[in-house]
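Me: Please take a close look at one part of this model, the aromatic rings, and then follow them outward into whatever surrounds them. I would like a single connected account that I can check against the coordinates.

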Amino acid sequence: MNNPPGGLTIEPLTGNTGALVHGVDLRDVADEVHAALHQALLDHLVLFFPGQSLTMTEQLAFGRLLGEVEVPPFGPGHPDLPEMTVLDQHAPKGNGTDAWHSDNTFRAEPPKFTMLQAEQLPPTGGDTCWSNMYEAFDTLSGPLQRLLDGLTATHDLTKILELTIANGHSGGADLAAMRAAFPPMSHPVVRTHPETGRKALFVNGNFTTKIDQLGDAESRRVLDHLYDHIQTPDFQCRFHWTPGALALWDNRCLQHYAVPDYEDRRVMHRLIIRGEQPA
């Protein structure tokens with residue numbers, strides 16, 4: 001970014017994904033800084049703010065500057081702040097966050113942004129990785145791009161909710177009631193970002209069950225190829241959490257993966273900002 005306002009600095013982490021942000025207190029964001037942060041988010045897709053240490057109320061106030069903060073449909077919520085998810089984990093391997101995904105794509109209007117702040121961290125481990133879905137689409141061959149563009153895929157909460165219930169992290173959600181409230185939903189396999197106009201892959205292993213226009217076997221093979229492709233290091237970044245650090249990312253063009261390489265307790269506070277119907 002050229003000439004950001006005040007003392008704001010934007011430090012890119014890689015050639016295409018992620019940036020560190022310094023010189024801003026997220027408790028008090030002036031209009032010109034808010035505009036600069038929004039542009040930086042469009043440019044870098046995920047922003048990292050070290051050492052913010054916001055209270056949950058302050059985090060919620062910042063989230064409301066970004067849009068409508070949603071109450072999560074299930075998960076370990078805070079008793080006084082229903083919008084806040086408290087991810088209190090140890091030895092989390094296999095709980096679903098250690099798979100490449102975009103948040104809540106089973107919804108008709110999946111989240112636009114996710115905000116995550118570190119409250120308590122293990123002595124080692126617990127990093128998070130992000131993968132750039134613009135780059136994932138752009139680096140496919142032309143014939144495969146043309147095949148995928150215009151197709152739709154079904155997204156379903158069943159697998160992840162079953163796993164969440166089995167692990168005791170569902171907040172008391174009932175599977176049948178949740179499936180009735182959130183039936184399977186079709187979204188474009190390749191969505192166009194409503195602000196940048198760029199195309200991004202929009203399928204993920206946690207929620208996407210089938211490409212609608214393909215047979216079961218064809219769909220499995222194509223999805224497996226895409227899930228392998230998004231793991232390419234060339235369009236990823238990795239963040240090592242420090243106490244009070246906050247990350248803000250665009251779910252419309254990113255997937256993320258929480259590395260489960262720790263046994264000690266890790267507590268994170270998460271907010272999601274409502275998005276729009278993918279197109």
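Reply: A good place to begin is F74, which is buried, as is F106. Everything that follows describes a predicted model. A search of the whole structure finds 8 aromatic pairs, and F74 with F106 is one of them, a stacked pair with 6.1 Å from centre to centre and 25° between the planes. The two rings come from distant parts of the chain: F74 sits in the loop between α2 (56-66) and β4, whereas F106 sits in the loop between β4 and β5, and 32 residues separate them. Another pair has an edge-to-face geometry, with F239 and W241 lying 5.2 Å apart from centre to centre and their planes at 80°. F239 and W241 are both buried, and they belong to a cluster in which ring pairs link F48, W130, F239, W241 and W249.

From this cluster the view widens to the nonpolar interior. The largest nonpolar core contains 42 residues, and those with the most contacts inside it are F48, W130, L148, V189, L201, I211 and W241. Separate from it is a second core, of 30 residues, which includes I10, A19, F49 and M84.

F48 also leads into a sheet, since within β3 it is the bridge partner of L20. Strands β2 (residues 19-22) and β3 (residues 46-49) are joined by 2 bridges and run parallel. They are part of an open sheet of 7 strands with mixed pairing, in the order β1-β2-β3-β13-β5-β15-β4. The edges are formed by β1 (9-12) and β4, each of which pairs on one side only, and the twist from one strand to the next averages 25°. Lying across β1, β2, β3, β5 (113-120) and β13 (246-250) is helix α1 (residues 31-44), which runs at about 125° to β3.

The edge strand β4 deserves a closer look, because an edge position does not leave this strand open to the outside: 4 of the 5 residues of β4 (residues 85-89) are buried, so the strand is largely enclosed by the rest of the structure. On its paired side, β4 is joined to strand β15 (residues 266-273) by 5 bridges in an antiparallel arrangement, and Q89 stands opposite R266 of β15.

Beyond β4 comes the loop that carries F106, and two backbone angles there merit inspection. Most residues other than glycine have a negative phi. A91, in the loop between β4 and β5, has a positive phi of about 45° although it is not a glycine, and N104, which lies in the loop between β4 and β5, has a positive phi of about 50° without being a glycine either. As for their surroundings, A91 counts as partly exposed because its relative accessibility is 36%, while N104, at 11%, counts as buried.

Back in the largest core, I211 opens a route to a further sheet. Leaving aside residues up to four places away in sequence, I211 touches L151, T152, A153, V189, S219, V222 and L223. The sheet in question is open and antiparallel, with 3 strands in the order β8-β7-β11. At its edges stand β8 (185-188) and β11 (208-211), each with a single partner strand, so one side of each is left without a neighbour in the sheet. Here the twist averages 35° from one strand to the next. Strand β7 (residues 152-155) pairs with β8 in the antiparallel sense over 4 bridges, and T152, one of the residues touched by I211, stands opposite P188 in β8.

Last along this route comes helix α5 (residues 158-166), whose buried residues are T158, I160, L161 and T164. Viewed down the axis of α5, these buried residues fall within an arc of 165°, so they line one face of the helix. They pack against α6 (175-181). Just after α5, G168 adopts a positive phi of about 75°.

Methods
Residues numbered from 1 in each chain as written. Predicted model: local features only at pLDDT ≥ 70, side-chain atom pairs only at ≥ 80, totals over all residues. Heavy atoms only, no water. Buried < 20%, exposed > 50% of the residue type's maximum accessible area, 1.4 Å probe, protein only. Arc of directions from axis to C-beta. Contact = heavy atoms within 4.5 Å. Core = buried A, V, L, I, M, F, W, Y, C linked by side-chain atoms within 4.5 Å. Pairing = 2+ DSSP bridges. Axes fitted to C-alpha atoms, helices over the stretch in contact; angles between N-to-C directions. Phe/Tyr/Trp six-rings, centres within 6.5 Å; stacked < 30°, edge-to-face > 60°.
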